[in-house]
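Welcome to a short guided tour. Open your viewer, keep the selection tool handy, and follow the stops in order.

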Amino acid sequence: MDAWSCGCASCDPICSHALYARVPQMAFYEEDEVEYLNSQLEEERQKKRDVRYLDVFRRKEIRLAFLAGAGLQAFQQFTGINTVMYYSPTIVQMAGFKSNQLALLLSLIVAAMNAAGSVLGIYLIDHAGRRKLALSSLAGVIVSLLILSGAFLFGSSDSTGGLSGWFAVIGLALYIAFFSPGMGPVPWTVNSEIYPEAYRGICGGMSATVNWVSNLIVAQSFLSIADALGTGPTFLILAGIAVIAFVFVSCFVPETKGLTFEEVENIWKERAWGNGSNTQSLLEQRNES
């Protein structure tokens, strides 16, 4: 046996002893880490069980977050997406398209524009940002509704075709083109990002309820308002609501692009209590009370 082999043979017991000595320590650290993660998970579960509906309105920062989320959901419906889609056959008839097959083709084109806009929104929402996308979408919606309103106001109700009919079709196309990539996906995306983890489920469900209730209100009231005031003034009212929605997003909806949940939560804390305030987490305050 040469000198190198003898040296390696003599080192083997030493290396083995050092390795085995570290194994219990490594196992201890791993076990400790697992216990810590399990305790954190159980703590989060307990926090979620402790949250009640009234807590959303008792805590100022959560109240502000819910106002932004529920407001977006309500304005998604009150800016008239379902009524514009409902009136699309009438708008097509105003442009003089009497053929059923052609009307069906144009309806399919409108639906395809809506689908394409939604796909485009998936790309834009992470590149342009949620707030900027919502504001640009609402600006286009306002212009589109004004065009639709003008087409119904200045067009003859007993005639088809003509300039007013084509303006109506242009207004319809612009509305779908601006709404679907912005105010279509933005309210749902923002609502998945603006709430602390313990409140995310309950606030998301409440804001979704606001969306469906708003949808019901618009669906039940639009035809009555249109019969009482006329279609043109009704679209003008929707344009006014879109202006209010633009102001609302500008004032109450923060940009959440690229932010962690903790950073978004800090935004609401700063808005609730001001910059530099010594704030505690909401659930810590609740557990102390």
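**Stop 1: residues 133-154.** Select this span and you will see 100% helix and 0% strand, where helices (H or I, at least four residues) and strands (E, at least two) are DSSP runs numbered from the N terminus. The C-alpha atoms at its two ends are 32 Å apart.

Before moving on, a word about what you are viewing. This is a predicted model, in which local features need pLDDT of at least 70 and side-chain atom pairs count only at pLDDT 80 or more, while totals for chains, interfaces and linings use all residues. Residues are numbered from 1 along each chain as its sequence is written, and side-chain values use heavy atoms, with hydrogens and water left out.

**Stop 2: residues 166-190.** Here the chain is 76% helix and 0% strand, with 36 Å between the end C-alpha atoms. Both this span and the one at Stop 1 appear in an unreviewed UniProt entry as "transmembrane region", together with 64-87, 102-126, 202-223 and 235-253. UniProt positions are in the numbering used here, feature names are shortened, and annotations may be inferred rather than shown by experiment.

**Stop 3: the whole protein.** Zoom out to find 13 helices and 0 strands. Of the 289 residues, 38% are buried, meaning under 20% relative accessible area (exposed is over 50%, partly exposed in between; 1.4 Å probe, protein chains only).

**Stop 4: a pair of helices.** Select α3 (residues 60-78) and α11 (residues 231-252): their axes come within 10 Å and cross at roughly 160°. Axes are lines fitted to C-alpha atoms, for helices over the stretch in contact, and angles run from 0 to 180 degrees between N-to-C directions. The crossing angle therefore makes α3 roughly antiparallel to α11 (over 145 degrees; under 35 is roughly parallel, 65 to 115 roughly perpendicular, the rest oblique).

Now show the side chains where the helices touch, with contact meaning heavy atoms within 4.5 Å. On α3, pick L67, A68, G71, L72, F75 and F78; on α11, pick L238, I241, I244, A245, F248, V249 and F252.

**Stop 5: F248.** Is this residue of helix α11 buried or exposed? F248 counts as buried because its relative accessibility is 10%. Beyond neighbours within four places in sequence, F248 contacts L67, A68, G71, L72, F75 and V253. Finally, select L135: it lies 113 residues from F248 in sequence, and their C-alpha atoms are 9.8 Å apart in space.
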